[in-house]
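The exercises below are meant to be worked through with the sequence and the model side by side. Each task is followed by a solution that proceeds step by step.

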Amino acid sequence: MNLGIYGTGGFAKEIFDVACRENANIKKWESIFFIDDFKENDTSFYLSKVYTLPNVIANHNIQNFEVVIAIGEPIVRIKIKEKLKQYNIKLGKVIDPSALVSPTATLCDGVIITSDCIIASSAFVGENVAINVKSI
């Protein structure tokens with residue numbers, strides 16, 4: 001499985017770091033890359049490659065990658081999520097190893113949980129939700 005991080009801004013850098021920490025604990029992804037439709041293919045950004053979504057769709061097995069949306073603006077997150085669903089691209093989950101997540105919590109697809117967060121018992125975290133540093 002590979003992870004695409006949709007976006008190339010400051011939040012995308014933070015999510016890349018979270019994904020690398022998670023991947024160091026449990027080898028979850030073979031590669032981690034960025035997706036940005038406004039950049040050239042095969043450019044570099046923050047220790048990894050950047051591809052456009054059409055390039056990823058054309059050159060990768062869609063069944064072998066998942067995407068998290070690393071853009072903070074809620075309306076943009078929704079639009080990108082809908083675009084990904086049109087291509088049957090799976091939303092992944094990225095959870096920092098420092099987060100405390102109750103085993104009774106429900107985490108939907110596309111969830112991002114950054115460092116030092118607490119997700120309490122029986123909590124429900126909906127699809128495509130990003131929880132930022134030290135949130136409870």
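**Exercise 1. The parallel sheet**

In what order do the 3 strands of the open sheet with parallel pairing lie?

Solution. The model is a predicted one, and in it the order of these 3 strands is 7-10-13. The next step is to find the edges: strand 7 (94-95) and strand 13 (130-131) each pair on one side only, which makes them the edge strands. Turning to one of the pairings, strand 10 (residues 112-113) runs parallel to strand 13, and 2 bridges connect them. At the level of residues, I113 has I131 in strand 13 as its bridge partner.

**Exercise 2. The mixed sheet**

Determine the strand order of the open sheet formed by 6 strands, and then identify its edges.

Solution. Reading across the sheet, the order is 3-4-2-1-5-6, and the pairing is mixed. The edge positions belong to strand 3 (43-45) and strand 6 (90-91), each of which pairs on one side only. Strand 3 runs antiparallel to strand 4, to which it is joined by 3 bridges, and F45 finds its bridge partner in S48 of strand 4. As background to both sheets, strands pair through backbone hydrogen bonds, in either the parallel or the antiparallel sense.

**Exercise 3. A residue between strand and helix**

Locate T52 in the fold, decide whether T52 is buried or exposed, and list its contacts beyond the immediate sequence neighbours.

Solution. T52 sits in the loop that runs between strand 4 (48-51) and helix 2 (53-59). Its relative accessible area is 14%, and because the cut-off for buried is under 20%, T52 counts as buried. If neighbours within four places in sequence are set aside, the residues in contact with T52 are I35, D36, D37, K39 and N41.

**Exercise 4. The nonpolar cores**

Which residues of the largest nonpolar core touch the most other members, and which elements each supply at least two of its residues?

Solution. The largest nonpolar core has 17 residues, and those that touch the most other members are L3, I5, I15, I32, F34, V68 and V94. At least two core residues come from each of strand 1 (2-6), helix 1 (10-25) and strand 2 (32-35). Helix 1 makes the largest contribution, giving 6 residues to this core. To follow one member outward, take L3, which, with residues up to four places away in sequence not counted, touches A19, W29, S31, I32, F33, E66, V67, V68 and V94. There is also a second, separate core of 14 residues, among them I62, V67, I69 and L84.

**Exercise 5. Salt bridges**

How many salt bridges does the structure hold, and which parts of the chain does the pair of D96 and R21 tie together?

Solution. The total is 7 salt bridges. In one of them the side chains of D96 and R21 meet, with an N to O distance of 2.5 Å. D96 belongs to the loop between strand 7 and strand 8, whereas R21 belongs to helix 1, so this pair ties together parts that are 75 residues apart in sequence. The accessibility of the partners is the next step: D96 counts as buried at 3% relative accessibility, while R21 counts as partly exposed at 38%.

A second pair to examine is K90 and E66, whose side chains meet in a salt bridge at 3.5 Å, N to O. Since K90 lies in strand 6 and E66 in strand 5 (residues 65-69), the pair ties together parts that are 24 residues apart in sequence. K90 is partly exposed at 41% relative accessibility, and E66 is buried at 6%.

The side chains of K28 and E22 also meet in a salt bridge, at 3.0 Å, N to O. K28 counts as partly exposed with 29% relative accessibility, and E22 counts as buried with 7%. Finally, K81, E82, K85 and E127 are linked in a salt-bridge network.

**Exercise 6. A nonpolar surface patch**

Which residues form a nonpolar patch on the surface together with L100, and is L100 buried or exposed?

Solution. The patch consists of L100, I118 and I136, which together have about 350 Å² of accessible area. L100 itself is part of strand 8 (residues 100-101). With a relative accessible area of 56%, L100 is exposed, because the cut-off for that class is over 50%.

Technical notes
Residues are numbered from 1 along each chain as its sequence is written. This is a predicted model: local features need pLDDT of at least 70, side-chain atom pairs count only at pLDDT 80 or more; totals for chains, interfaces and linings use all residues. Side-chain values use heavy atoms; hydrogens and water are left out. Patches are made of residues with over 30% relative accessible area and no salt bridge: like charges are joined within 9 Å, nonpolar side chains (Val, Leu, Ile, Met, Phe, Trp, Tyr) within 5 Å. Accessible areas come from the Shrake-Rupley method with a 1.4 Å probe; for residues, only the protein chains shown count as cover. A salt bridge is a side-chain nitrogen of Lys or Arg within 4 Å of a carboxyl oxygen of Asp or Glu. Helices (H or I, at least four residues) and strands (E, at least two) are DSSP runs, numbered from the N terminus. Buried means under 20% relative accessible area, exposed over 50%, partly exposed in between (1.4 Å probe, protein chains only). A nonpolar core is a set of buried Ala, Val, Leu, Ile, Met, Phe, Trp, Tyr and Cys residues joined through side-chain atoms within 4.5 Å. Contact means heavy atoms within 4.5 Å. Two strands pair if DSSP finds at least two bridges between them.
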